[in-house]
Amino acid sequence: MSHIILEARDIRYRYPRGPEAIHGISFHVRRGEKVALVGPNGAGKSTLLLMFNGMIRPDLGTILIDNEPIRYDRESLRTVRKRIGFVMQNPDRQIIAPTVYQDVAFGPTNLGLSEQEVKGAVEKSLRLVGLSGFERRPPHQLSGGEKKRVAIAGILAMDPDVLVFDEPTSGLDPSGSEDIMELLDELNQQGKTIIISTHDIELAYPWAERAILLLNGKILQEDVPDIAFGDQDLVRKARLSMPTLLELYLELERRGFHLPGRKPRTVLDMINIMDRAFRNKPCYTEPGTISLVDVDSPNGVDLSVWRSSNPGVPIGGMGTRAKQYAADRMIPLDFTYGVIDKCILKALLGEDSLIIITGSMVQRVHERVDEFCRENQVCIRVSNLSKDGNR
Ligand code: ADP
């Protein structure tokens with residue numbers, strides 16, 4: 001098991017002239033984890049997150065990074081803020097400079113990097129968030145989703161190990177929210193530990209590896225999401241509602257259906273449970289193939305040729321650069337979120353699909369499909385498209 005990167009030990013905090021916002025909270029986060037702090041407005045999520053990089057100092061208790069208590073002198077806090085990046089809920093409060101470049105450059109410049117290093121860091125972070133070419137744009141002219149990406153790039157430019165997001169999708173439309181959640185996955189795939197706060201339980205449920213349910217400055221429950229959100233009374237007490245798929249599963253169980261397998265976190269999980277319960281196998285036909293085009297080594301694949309010989313085959317985009325690649329070539333994407341599951345669902349119906357993918361996500365597709373195939377004794381082929389467009 002990977003080591004504990006961040007820990008809160010029995011912390012308490014009262015705002016000056018305000019309420020006691022945190023009442024004795026302890027938990028830890030391991031390197032590479034995806035953790036969601038979930039609770040209603042006023043639960044204490046933002047207050048807790050602000051403690052992780054020293055912006056708020058607990059009255060009692062300790063925050064530890066790599067088992068070392070945070071120290072609050074200026075120099076130590078600089079080091080803490082380089083390791084733990086905090087992305088605020090409202091990008092307008094985080095973005096301060098008149099151009100995207102200057103804004104993203106602010107952090108690495110403050111860390112004392114040379115002009116050349118700052119340039120490299122800005123370019124790399126803008127590429128990661130899909131905003132290459134936006135350097136000279138004034139941030140206030142950007143859309144909500146783009147501003148959010150600028151704020152994220154500004155934090156990425158300092159290359160932190162842990163990224164903390166306060167309500168990462170607030171104010172974004174559903175498609176913008178999905179893009180941001182996928183970006184978080186992509187960053188996690190590249191090794192970053194990700195902590196988010198949200199009151200959107202539907203969003204946290206399929207995304208998080210671990211969920212912490214927070215109410216009135218206390219932890220109500222902390223576990224894998226299907227357990228953390230699986231207690232109707234507790235979820236209601238936290239003024240939230242249970243994720244729909246979990247509620248459906250539990251209702252079916254209560255009615256005496258014997259449902260095989262793990263509790264569903266995605267539509268694919270639910271369909272798979274139903275197929276196994278009522279049809280006794282996940283797939284009745286020869287499964288379709290999932291093809292991949294890695295945009296970081298496209299191997300000369302000409303997608304317009306591929307599309308004309310494979311009309312109607314749905315195309316998914318995974319990863320920021322992949323989506324940009326598709327947009328640049330005017331390739332409409334059928335799936336932009338939950339792409340692997342949607343392609344597995346197609347494959348189970350005997351249909352092929354294609355994923356245009358950022359290199360760092362390729363392994364994830366193989367892992368998810370292999371895991372599904374192993375658990376369900378089906379064989380879904382995942383293949384890289386070769387130069388001549390054949391598999
Ligand atoms: P959440 O992020 O879960 O909505 P917060 O951490 O913002 O919750 O708030 C926790 C509690 O602390 C609430 O009761 C809120 O009113 C209070 N609080 C938050 N910020 C301040 C502040 N700057 N001054 C005084 N009280 C505050």
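The ligand in this predicted model is surrounded by Y15, P19, A21, P40, N41, G42, A43, G44, K45, S46 and T47. By class, that shell splits into five nonpolar residues, five polar ones and one charged residue. Beyond the ligand site, two topics are worth a look: a pair of helices and two loop residues with positive phi.

**Ligand site**

- Helix α1, which covers residues 45–52, gives the most to the shell around the ligand, contributing three residues.
- K45 places a polar side-chain atom 2.9 Å from an oxygen atom of the ligand.
- G42 takes part through its backbone: one of its polar backbone atoms is 2.7 Å from a ligand oxygen atom.
- With Y15, the partner on the ligand is a nitrogen atom, and a polar side-chain atom of Y15 lies 3.5 Å from it.
- Taken alone, the ligand exposes 560 Å², and the protein buries 60% of that area.

**Helix pair α12 and α16**

- If you like to think in packing geometry, two packed helices are described by the angle between their axes together with the distance between those axes.
- Here, helix α12 (residues 267–278) and helix α16 (residues 362–376) have axes that come within 13 Å and cross at roughly 15°.
- Angles under 35 degrees count as roughly parallel, so α12 is roughly parallel to α16.
- The crossing in which α12 passes α16 is right-handed.

**Positive phi in two loops**

- For anyone checking backbone torsions, N67 has a positive phi of about 70° even though it is not a glycine.
- N67 sits in the loop that runs between β4 (60–65) and β5 (68–69).
- E167 is another residue other than glycine with a positive value, its phi being near 45°.
- You will find E167 in the loop between β7 (162–166) and α7 (174–189).

Definitions and conventions: Residues numbered from 1 in each chain as written. Predicted model: local features only at pLDDT ≥ 70, side-chain atom pairs only at ≥ 80, totals over all residues. Heavy atoms only, no water. Near = heavy atom within 4 Å. Polar contact = N/O pair within 3.5 Å; in protein donor to acceptor, adjacent residues only side chain to side chain. Areas by Shrake-Rupley, 256 points an atom, 1.4 Å probe, with all protein chains shown as cover. Helix = DSSP H or I, 4+ residues; strand = E, 2+ residues; numbered from the N terminus. Nonpolar A, V, L, I, M, F, W, Y, C, P; charged D, E, K, R; others polar. Axes fitted to C-alpha atoms, helices over the stretch in contact; angles between N-to-C directions. Parallel < 35°, antiparallel > 145°, perpendicular 65-115°, else oblique. Left-handed = near helix turned anticlockwise from the far one by under 90°.
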